[in-house]
Amino acid sequence: MELRLSTSSASPVLRRQVSPLLHKQQVLGVSFASALKPGVALRFRPRRRLLHRPITCSVSPSTTEPSSEVKKKKTLVRRNDVRNIAIVAHVDHGKTTLVDSMLRQAKVFRDNQVMQERIMDSNDLERERGITILSKNTSITYKNTKVNIIDTPGHSDFGGEVERVLNMVDGVLLVVDSVEGPMPQTRFVLKKALEFGHAVVVVVNKIDRPSARPEFVVNSTFELFIELNATDEQCDFQAIYASGIKGKAGLTPDDLADDLGPLFEAIIRCVPGPNIEKDGALQMLATNIEYDEHKGRIAIGRLHAGALRKGMDVRVCTSEDSCRFARVSELFVYEKFYRVPADTVEAGDICAVCGIDDIQIGETIADKVHGKPLPTIKVEEPTVKMSFSETPPRFLVVRVSM
């Protein structure tokens, strides 16, 4: 047998010529004459490289479009004038500072208005500790598209807050430090985002640091995608290089624009609009709860179907068999940095609902007649569980289970 390498084509092709004697031999009962034919070209596929080239977005019709079975049951349409995103990252990787620059460049504040740093960290404890503890909602408008932004905690102790928020959005901005790279909380939030099938835009932040190593960070993030069993479409994520404190971003680390325009464009291009059932019965999942001294409990969530109106009678459901009736007294949407009263909210937008005093996270605000509950929110079980109990004679027993 002889091997001949042909270089006439663009890629080398290895051709195998088999002698007549070899056709008569058998190995394990298989004849070479039937297994190999003379002149058959054997092509070798190149090994997949780990180096990531951020060209396309992590969105594909297979992951974002509803299946044919769902289409038969209900008609879903894509709302293109709204984007719902969450900013997720490890602690101290610059999420809140990046949101500050996005709000300033979107003209949320006046030019002569003096604003404090990390404006989203409005809680006293958050400002004292310098970290984000509670998720915050805001919105900006870019090229006639409303972008609802949710700033999430980066500390692992508040991971449940991030999991709940992911029920409201269609994509995430994964912020990674240009020096440290992916960290433990980066892995956790990315794993949850991939499980939801969300679009991911990777933002390599703090690119202006002297010790920045953007190529290493992007390749490490790409390897993390592979470790978390991301699809091929999800691995083709868009990488944006930014400096949150300077308010600059770009598609390459050496050529940053004077503003965050490339980041805004990536959000509009890579994050799909919400899939909604416009003419269906009202469905809204209460994802978060806030409290106001005058308005009481405020349910925050995204409308999945129908329309919600002020003064509307609704059904609040935990399951099919557990429902009660209530009335919406006030309705708010997020515009810029404030909650603005609204008379009607359409499906796909994020809103705040007042008037349901006993609303709980995970319950569905549905149509009074035809409404059905949405699947409840599932949060990963804690790693450490502690139970306190008292035994005679008044001894306090602490049980810790891992």
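## Confidence of the model

The mean pLDDT of the protein chain is 76, and 66% of the residues in this chain reach 70 or more. The structure is a predicted model, and two stretches deserve particular care in reading.

Over residues 1-51 the pLDDT stays under 50, and for this stretch the model has 55 contacts beyond four places in sequence. The pLDDT also stays under 50 over residues 60-72, a stretch for which the model has eleven contacts beyond four places in sequence.

## Overall architecture

Eleven helices and 26 strands make up the secondary structure of the protein chain. Among the contacts in the chain with a separation of 6 or more, 65% are accounted for by residues that lie 24 or more positions apart.

## Surface and interior

The protein chain has 402 residues, of which 45% are buried. The area that the chain exposes comes to about 22,200 Å², and carbon and sulfur atoms supply 51% of this area.

## A residue in detail: Ser220

Ser220 lies in helix 9, the helix that covers residues 214-227. Is Ser220 buried or exposed in the model? With a relative accessible area of 18%, Ser220 is buried, because the term applies to residues under 20% relative accessible area.

The side chain of Ser220 also has a partner within the chain, for it reaches the backbone oxygen of Phe216 at 2.8 Å.

Conventions: Residues numbered from 1 in each chain as written. Predicted model: local features only at pLDDT ≥ 70, side-chain atom pairs only at ≥ 80, totals over all residues. Heavy atoms only, no water. Helix = DSSP H or I, 4+ residues; strand = E, 2+ residues; numbered from the N terminus. Buried < 20%, exposed > 50% of the residue type's maximum accessible area, 1.4 Å probe, protein only. Contact = heavy atoms within 4.5 Å. Areas by Shrake-Rupley, 256 points an atom, 1.4 Å probe, with all protein chains shown as cover. pLDDT = per-residue confidence, 0-100. Polar contact = N/O pair within 3.5 Å; in protein donor to acceptor, adjacent residues only side chain to side chain.
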